[in-house]
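Subject: Structure for your review, with notes

Dear colleague,

Please find the structure below, followed by notes on its strands, its core and one of its pockets. I would be glad if you read them against the coordinates.

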Amino acid sequence: MFEAREGEQRLDDDPATMPPDGGVIFIGSIASPWTTRESCPKNMRAARETGQPALLTIDPPYRDGLRGLERASHIVILSWLHHAPRNLIVQKPRHAAEAKGVFGLRSPARPNPVGLHVAKLVGLDIGTGRIELDAIDVLDGTPVIDIKPYYASTDAWPEATIEGRDEPGRTGP
């Protein structure tokens, strides 16, 4: 699923085969229209542009944890990008002139393939654990690690920048 590119570097030991440091469990999964890496939007902006909604379903033991989430207009979803390789430590994105370390990229390939998504909460049914989302940028069946309410007052940093990258709405130098 992730072809090798010039300049990339893999770890000697694959983190997927190492004993875990913590007991991460999956609390649910995401149903999305995306079934292949090629069809899946690269980010949430691109996912929203498709107009395709998504559904997150929380497993029964964790559904009471959804109480109060209905107050949020947007939520943060942490997912486990289970198809991504975990041993790729230096990557060369298709659009980049040079390879970059995994921690300088938003690629799903990383030692712990945790996805971070901010989605609009469209609907919530605590009894069935169904969370309707405006969009999502993951493959169908992606496991969910956690959900948190998004707080614009503390989670948004309008002055944040990435050197050498134009960001819409960015102000400053």
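Two strands are said to pair here if DSSP finds at least two bridges between them, and strands themselves are DSSP runs (E, at least two residues), numbered from the N terminus. This is a predicted model, in which local features need pLDDT of at least 70 and side-chain atom pairs count only at pLDDT 80 or more, while totals for chains, interfaces and linings use all residues. Residues are numbered from 1 along each chain as its sequence is written, and side-chain values use heavy atoms, with hydrogens and water left out.

In these terms, β1 and strand β5 (residues 88–91) pair in the antiparallel sense over 2 bridges, and Arg-10 has Leu-88 as its bridge partner in β5. Both strands belong to an open sheet of 3 strands in the order β1-β5-β6, with antiparallel pairing. Because β1 (9–10) and β6 (100–101) stand at the edges with a single partner strand each, one side of each is left without a neighbour in the sheet.

Strand β8 (residues 130–133) is joined to strand β7 (residues 114–125) by 4 bridges, the two running antiparallel, and Gly-123 has Glu-132 as its bridge partner in β8. The two strands form a hairpin with 4 residues between them, and Gly-129 in the turn has a positive phi of about 70°. Strand β3 (residues 54–58) also pairs with β8, in the antiparallel sense over 4 bridges, with Thr-57 opposite Arg-130.

Which side chains of β8 are buried (under 20% relative accessible area with a 1.4 Å probe, protein chains only)? Ile-131 and Leu-133, which point to one face, are buried, whereas Arg-130 and Glu-132 point to the other face and are not.

Ile-131 and Leu-133 are also among the residues that touch the most other members of the largest nonpolar core, which has 24 residues, and Leu-56 is another of them. Such a core is a set of buried Ala, Val, Leu, Ile, Met, Phe, Trp, Tyr and Cys residues joined through side-chain atoms within 4.5 Å. The elements giving two or more residues to this core are β3, β4 (74–80), β7, β8 and β9 (142–149), and β3 gives the most, with 3 residues. Leaving out residues up to four places away in sequence, Leu-56 is in contact (heavy atoms within 4.5 Å) with residues including Ile-77, Gly-129, Ile-131 and Ile-147.

Best regards

Key
Buried < 20%, exposed > 50% of the residue type's maximum accessible area, 1.4 Å probe, protein only.
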